[in-house]
Amino acid sequence: MRDEQPTPVEPSAPPRAPEAAGAARVAEDAPRPGEAQSASLADRIGMIVGGQFVNTLIVLVQGIVVVRLLGKPAYGVLAFATMLFMTGRDLAQLYLPESFLYFAPKVTRAELKGLVRQSMLLLLGLGALSALAFSAFALVPGVFFDGREGVTELLLLIGLMSMIAYPASVFGPLFIATSNHRKSAGVALLVTLASAAGAIVPAALGCSVTWIVAAQCAAQALRLGLSYRLYARLFQDVAAAPFPGGVRAQLAYALPLSVTRFAGLFNQKLDKFVIGLFFSAGLYAEFAVGSQEVPLVGVLAYSVASTMLPDLVARVENGRTPAEGARAAIALWHSGIRKTTLIMLPVAAFLLLFAEPLMRTVYGDAYAGAAVPFRIYSALLPMRVTAYAIMLMAFGKTSMILRIQVLSMVFNAAANLVLLPTLGMVGAPLSAVLTQALGIVMTVATIARFSGVGLRGVFPWGHYGRVAATALVAAAPLAAFLFTGAVDERPALCLTLGAPLYAGLYLVAAWVTGVLAPEDRAFVARWLRLEPLRSRHG
């Protein structure tokens, strides 16, 4: 339940404007086998969301099994090591992989292949620098959890994993940018399965955490190999050409963006570092379980927004006037928000009600305390129906994200200084949630100002309000039931009965209030019949 992923910052010197490409570029980049340009935006989003959902479900099951197999101190060390790797990865990659979503519509296939090679070399070098940094940390393992046994080996393995994972990160955004969503989802599924096996099998055999991290290195190597093989097949008939502007043009896009990412990661990870550095491994395990990202945020809200990014940019740039382009992009953005709202708001209501039985049922009574941070983070879910900053990038005004993140960073640090001494460990998640809410409010206000549509037009307030009211009406009977104290004795039974009952109440209420439009029902029906997956495209 962390802050939304940092979004790209406006490049100071893009390699080529879309209008400069001309009609010849369109003909050159006409759809080819494996490039589903004819697939609808809804189906492309569906493929990404569907693949992300399956992958996230596997990761979720993997996490639950590993938590139950490992003791709390061992899981705390593993969770902190994973957090270190992910933080290093997000910082060190300089947003080079995500730059493909911006540059791909502006270059030829030959230039795009040149960009792939350039990016892989840069990321390999950045991975080597990260490996050196983690090796330096390995010399002072006492910084983490009082130097628990095995921390040194974990840090060295994280360095090795960085050198493998960084170059591999190029291919996901590349496949999305070239409309190879289904192939990308297939590779991701295989790697996710391998990663899950690499975590569960060593834990089940009683191996140390070091073996689990070593298996994750192998999974990253598999990801690199499979992705490169698919990339080679898709571009086998293309001779690489130099990317216009070379490294300088790409870094002009990435470096300002990376400053923004640093501020964003500070806001996302400060609570994790505070708990990891000042509390025991056992308490960190409890906190790590309770502060996990609700899968739907990444699977639904961010996948929808990131997949729409090229279309949002196109609408802004193709408008006859800036105001017309902004309105067209806002309208498309709203269509994604309306879809995600239908799911995110009822999920938020359910999780707020059932936080304790969920934690106790899934992770065991030893993790009952995780319900407190879990409920605190869940309180932010009603606001996380989209990646708000995606619109600032589409408008070419995303340098404003840096200002918002810096202000949020100052607020986050101040909130931790005030709340941690007062409330203890709970102060960290509370500070994080307050910071994220402030950032979202500032971002929405900025979008309203730059788009020219004002606060009334920047967000689908009416639809959001109707869905929120529907979710609350469906939750009211269950809230009364929970107040009886039934959850204290039989949390699993309470959760098992509560989930389908709430889903049924919500669907009935949504049907009565009309928040489920006919197009929503038709879209779901198409995917239940797997029609987009049977298509030859993607």
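Select Cys 217 to begin this tour of a predicted model. Cys 217 counts as buried, because its relative accessibility is 5% and the cut-off for burial is under 20%. Move next to Cys 494, which is buried as well, with a relative accessible area of 4%. How many disulfides does a search of the whole structure find? The search finds 0.

**The whole protein**

Now display the entire chain and colour the residues by pLDDT. The protein averages a pLDDT of 80, and 83% of the residues score at least 70. Which element has the lowest mean pLDDT, and which the highest? Helix H1, residues 18-28, has the lowest mean at 32, while helix H9, residues 209-234, has the highest at 92. Select residues 1-38 in turn: pLDDT stays under 50 throughout this stretch. For these residues the model has 98 contacts beyond four places in sequence.

A cartoon display shows 23 helices and 0 strands. Of the 538 residues in the protein, 54% are buried. Consider also the contacts between residues at least 6 apart in sequence: 85% of them join residues at least 24 apart.

**The nonpolar core**

Select Tyr 75, Leu 174, Leu 312, Trp 333, Met 391 and Tyr 502 together. These are the residues with the most contacts inside the largest nonpolar core, which has 144 residues. Helix H13 supplies the largest share of this core, 19 residues.

Keep Tyr 75 selected and show its surroundings. Beyond its neighbours within four places in sequence, Tyr 75 is in contact with Val 66, Val 67 and Leu 70. Its contacts also include Ala 285, Ala 288, Val 289 and Tyr 367.

**Helix H16**

Select residues 399-423, which form helix H16. Why does the distance between its ends agree with expectation? At 1.5 Å a residue, the 25 residues of H16 should span 36 Å, and the end C-alpha atoms are 35 Å apart, so the two values agree.

Show the side chains of this helix. Its buried residues include Met 400, Ile 401, Ile 404, Gln 405 and Ser 408. Further along, Met 409, Asn 412, Ala 415, Asn 416 and Leu 419 are also among them. To see what these buried residues pack against, add helix H10 (246-278), helix H15 (390-394) and helix H17 (427-451) to the display.

Is Leu 407, which also lies in H16, buried or exposed? Leu 407 is exposed, because its relative accessible area is 51% and the cut-off for exposure is over 50%. Draw a distance from Leu 407 to Thr 435: the two residues are 28 apart in sequence and 9.3 Å apart in space, C-alpha to C-alpha. Before leaving this helix, select Gly 424, just after H16, where phi is positive at about 80°.

**A buried aspartate in H10**

Return to helix H10 and select Asp 271. At 1% relative accessibility, Asp 271 counts as buried. Leaving aside neighbours within four places in sequence, its contacts are Phe 287, Tyr 377, Ala 428, Pro 429 and Ala 432.

**Salt bridges**

The closing stops concern charged residues. Side chains of opposite charge can pair when their charged atoms come close. How many salt bridges does the count give? The count comes to 7.

Select Arg 89 and Asp 90 for one of them; the closest N and O atoms are 3.2 Å apart. Arg 89 is partly exposed, with a relative accessible area of 25%, whereas Asp 90 counts as buried at 10%.

Go on to Arg 320 and Glu 324, whose side chains meet in a salt bridge at 2.8 Å, N to O. Here Arg 320 is exposed, with a relative accessible area of 74%, and Glu 324 counts as partly exposed at 25%.

Finally, select Glu 356 and Arg 360, which form a salt bridge with the closest N and O atoms 3.6 Å apart. Both belong to helix H13, residues 322-363, and because they are 4 residues apart in this helix, about one helical turn separates them. Glu 356 is partly exposed, with a relative accessible area of 27%, and Arg 360 is buried, with 14%. Add Asp 365 to the selection: Glu 356, Arg 360 and Asp 365 are linked in a network of salt bridges.

Key
Residues are numbered from 1 along each chain as its sequence is written. Side-chain values use heavy atoms; hydrogens and water are left out. Helices (H or I, at least four residues) and strands (E, at least two) are DSSP runs, numbered from the N terminus. The expected span of a helix is 1.5 Å times one less than its number of residues. Buried means under 20% relative accessible area, exposed over 50%, partly exposed in between (1.4 Å probe, protein chains only). Contact means heavy atoms within 4.5 Å. A disulfide is a pair of cysteine sulfur atoms within 2.5 Å. pLDDT is the predictor's confidence in each residue, from 0 to 100. A salt bridge is a side-chain nitrogen of Lys or Arg within 4 Å of a carboxyl oxygen of Asp or Glu. A nonpolar core is a set of buried Ala, Val, Leu, Ile, Met, Phe, Trp, Tyr and Cys residues joined through side-chain atoms within 4.5 Å.
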